[in-house]
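Work through these short exercises on charged side chains. Keep the sequence and the 3D view at hand.

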Amino acid sequence: MPLMNSKYLLERARKEGFAVPAFNIHNLETLQVVLDTAKEMQSPVIIAGTPGTYKHTGVSELVSMMESACASRNMRAILHLDHHQDIPDIAAKLNAGIRSVMYDGSHFPFEENVANTLKVAQLCHEMGASLEAELGMLGGQEDDLIIDAASACLTDPDAAVEFVSRTGIDSLAVAIGTAHGMYKSVPKLAYPILEKIAAKVSIPLVLHGASGIPDEDIRKCISMGIAKVNVATELKIGFAGALKHYFEVHPEGNDPRDYMAVAKQAMREIVLSKINVCGSAGKSL
Ligand SMILES: [Zn+2]
């Protein structure tokens, strides 16, 4: 079964008022947790990996794992490139079969972001892949991508209209006050900005940095046009926290089948809760 793009699923999500959760995974176990939970909840799901994740797993290894894991569960899911910035690298991953891409040129000046995003959009669309791009800039850290608070800026609604029409992207990542990583205090989201963007831009909108955002805020964003919600940090914390606790209680433990089971269970609870917040249960592909 070929890997899918995310265009039609996200368009449907925005139209029907739910969001597709995108979970960052890092290995076989974290992939299994997300797919098993999504299957159980009959939820569509996006499996996301940053450049660092694909480097860690190997591109062909992750593609093969994804294909065989979906086939053995008789389900469909989307494998996605999260925060990719290197165009030849994106092209190579398209050639490896991946059909859902996020190009992040948000750190460039507007014209440069437009020019690069347009180039990637053409590349993706030729291959039948979908493209998400970002305007405005989230603070925080996602792998090697570190943006300090002073450089972070919210998405300008009028610039968003121009960006979407000049690039032909399929979904738009917006900066409305969320950040990557966990928050020291709960951020205040810029709802008036999201409202303006949603009124002017009809393609699905994407919320990055959802780890640690209260459920009611995520639900409100979804009701306003967010169709994809990215979750990464919260999963890592849950998985690693369960492992740490396991080894505190079982310092002699050494069987991956035992300690991975505990970590998977902890991560499953988070995946389950995000699927519920996204309202995506029962909407499977
Ligand atoms: Zn992100």
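**Salt bridges, step by step**

The count comes to 14 salt bridges, where a salt bridge is a side-chain nitrogen of Lys or Arg within 4 Å of a carboxyl oxygen of Asp or Glu. This is a predicted model: local features need pLDDT of at least 70, side-chain atom pairs count only at pLDDT 80 or more, and totals for chains, interfaces and linings use all residues. Residues are numbered from 1 along each chain as its sequence is written, and side-chain values use heavy atoms, with hydrogens and water left out.

**Exercise 1.** Find the partner of Glu16 and place both residues.

*Solution.*
- Step 1: Glu16 pairs with Arg12; their closest N and O atoms are 3.3 Å apart.
- Step 2: Both sit in helix α1 (residues 7-16). Helices are DSSP runs of H or I, at least four residues, numbered from the N terminus.
- Step 3: They are four residues apart, about one turn of the helix.
- Step 4: Glu16 has a relative accessible area of 42%, so it is partly exposed. Here buried means under 20%, exposed over 50%, and partly exposed in between (1.4 Å probe, protein chains only).

**Exercise 2.** Describe the salt bridge between Arg166 and Glu111.

*Solution.*
- Step 1: The N to O distance is 2.8 Å.
- Step 2: Arg166 lies in helix α7 (residues 157-167) and Glu111 in helix α6 (residues 110-126).
- Step 3: The pair links distant parts of the chain, 55 residues apart.

**Exercise 3.** Name a network of salt bridges.

*Solution.* Lys7, Glu11 and Asp170 are linked in one.

Terms used:
Helix = DSSP H or I, 4+ residues; strand = E, 2+ residues; numbered from the N terminus.
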